[in-house]
Amino acid sequence: SPSEYIAAILELSALVVKRQRQIFLYPDVLYYLTPDGRRFRRACDLVHNFTDAIIQERRCSLLTEGSHDFLKAKAKAKTLDFIDVLLLAKDEDGKELSHEDIRAEADTFMFGGHDTTASGLSWVLYNLAKHPEYQERCRQEVQELLRDREPKEIEWSPSEYIAAILELSALVVKRQRQIFLYPDVLYYLTPDGRRFRRACDLVHNFTDAIIQERRCSLLTEGSHDFLKAKAKAKTLDFIDVLLLAKDEDGKELSHEDIRAEADTFMFGGHDTTASGLSWVLYNLAKHPEYQERCRQEVQELLRDRESKEIEWSPSEYIAAILELSALVVKRQRQIFLYPDVLYYLTPDGRRFRRACDLVHNFTDAIIQERRCSLLTEGSHDFLKAKAKAKTLDFIDVLLLAKDEDGKELSHEDIRAEADTFMFGGHDTTASGLSWVLYNLAKHPEYQERCRQEVQELLRDREPKEIE
């Protein structure tokens, strides 16, 4: 049973998602008159009261013990957490954060920080593992920073570019609740709108300078020498790839296209990249035979080819998933098209329905095929064959699952779960794996308990379903 706090966090998350589709309930004065609004306020009160109590308790300990002894005790017990860090932090004017500031940061982290943290850690660890020379540079920088220093605040100054990215992210989230400021002509008259434009200009100017510099190098050196130099220095990055890429008509991407892709990646690409890498590496580690197949496929693809564009053709299913994701994001800004009856009359709405039909038909065919195999072979032989071929996947698990009443899941339930996983399951999986591995690495005694439990579970058992 989750605590009341965790239950309230989950309830608030569900209510926020539900409210996003109810545009007439965006004004708080109306929303709080509804049953959902009252549930939202009760859950908010519970979350705030819980966080307030923790902050108050930690602040009292900090005042009583002093920062030095407080940190020493936390370090000894290995219990320094996010609220402790916030209590010790200071803003740009050297002032401590207020009670409300700390509560807001803690609540934000509980709602949105897990995916970002897991993705960031995955990305950093991946790159440090890939580039030992940067590991050494990081180690030297940390040692230099901490030399002869007592445990106290360490200031890390982000560049103007990173600061602008963070500011834009915060302003976008804030604007989503201000439906009357969706039209740009109104938004840019407000203080937030002017800050948004300044931050956009800074980000665009920074990206423009990078693109221009790389394009000049590419034109001067030629694509072959450019790639060779990048490969030798191990500095080929996303903008370089975009400069070398071509669209479906064989034309190079324009400056504006490259800037748009780079900016999109900075805002939304890290979670997707970290999740995708985690998922691919996990599956390749689990299935050595697929590692070999991937290696052979890459070798075959690159055989006797110069350094140039390699075309990867995604299946219609993957293309439809990507199109649906883009259409959903686009629709969020078109508040008058929230009602389905209006949206499906537009060109985007018709594209959305076609992509949905393709995704559903693809998933339906897979489910039907697997269900027939399961009925023909029986669950024991079905699992045995899957275990032998190492092809047991998410849909197979759903076909074998039962609900709380012992009934099998319906065709529609399985399709809904599979579609949800394709759209939203990768971040969750990557975050969960990162969190589990982090805690197992931190607590060897739990590693041992897990190992013993798995050994006990698998002892003298044939490859089949483990409940």
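On the far side of helix α4, away from its buried residues, Lys72 and Lys76 are exposed. That's a handy place to start, with one caution: this is a predicted model. Mean pLDDT for the protein is 78, and 83% of its residues reach 70 or more. Below is a quick tour of two helices, some charged pairs and a couple of cysteines.

**Helix α4 and what surrounds it**

- Helix α4 runs over residues 67–77, and its buried residues are Phe70, Leu71 and Lys74.
- Look down the axis of α4 and those buried residues fall within an arc of 95 degrees, so they line one face of the helix.
- Notice that lysines turn up on both sides here: Lys74 is buried, whereas Lys72 and Lys76 are exposed.
- The cover over the buried residues of α4 includes α3 (35–65) and α5 (82–88).
- Right after α4 comes lysine 78, with a positive phi near 55 degrees.

**Helix α8, end to end and side to side**

- Helix α8 covers residues 160–175, and at 1.5 Å a residue its 16 residues should span 22 Å; the end C-alpha atoms are 22 Å apart, so the model agrees with that expectation.
- Buried in α8 are Tyr161, Ala164, Ile165, Leu168, Leu171 and Arg175.
- Seen down the axis of α8, the buried residues keep within an arc of 130 degrees, so they too line one face of their helix.
- Over on the other side of α8, you'll find Leu166 and Val173 exposed.

**Salt bridges**

- Side chains of opposite charge can pair when their charged atoms come close.
- The model has 17 salt bridges.
- One of them joins the side chains of lysine 18 and aspartate 36, at 2.9 Å from N to O.
- That pair links distant parts of the chain, with lysine 18 in helix α1 (residues 4–20) and aspartate 36 in helix α3, 18 residues apart.
- Lysine 18 is partly exposed at 42% relative accessibility, while aspartate 36 is buried at 13%.
- Another salt bridge pairs aspartate 52 with arginine 103, and their closest N and O atoms are 3.2 Å apart.
- This one also links distant parts of the chain: aspartate 52 belongs to helix α3 and arginine 103 to helix α6 (residues 99–130), 51 residues apart.
- Arginine 103 counts as partly exposed, because its relative accessibility is 21% and the cut-off for buried is under 20%.
- Arginine 451 and glutamate 448 form a salt bridge too, with their closest N and O atoms 2.5 Å apart.
- These two sit three residues apart in helix α19 (residues 444–458), so about one helical turn separates arginine 451 from glutamate 448.
- Both partners are partly exposed: arginine 451 has 41% relative accessibility, and glutamate 448 has 31%.
- Salt bridges with shared partners also tie Glu11, Lys18, Asp36 and Arg39 into one network.

**Cysteines**

- The disulfide count comes to zero.
- Cysteine 60 is partly exposed, with a relative accessible area of 39%.
- Cysteine 450 is likewise partly exposed, at 37% relative accessibility.

**How far to trust it**

- Confidence is highest in helix α2 (residues 28–31), at a mean of 90, and lowest in helix α12 (residues 255–286), at 68.
- Residues 307–314 have pLDDT below 50, and beyond near neighbours in sequence this stretch has six contacts in the model.

Terms used. Residues numbered from 1 in each chain as written. Predicted model: local features only at pLDDT ≥ 70, side-chain atom pairs only at ≥ 80, totals over all residues. Heavy atoms only, no water. pLDDT = per-residue confidence, 0-100. Helix = DSSP H or I, 4+ residues; strand = E, 2+ residues; numbered from the N terminus. Contact = heavy atoms within 4.5 Å. Expected span 1.5 Å × (residues − 1). Buried < 20%, exposed > 50% of the residue type's maximum accessible area, 1.4 Å probe, protein only. Arc of directions from axis to C-beta. Disulfide = S-S within 2.5 Å. Salt bridge = Lys/Arg side-chain N within 4 Å of Asp/Glu carboxyl O.
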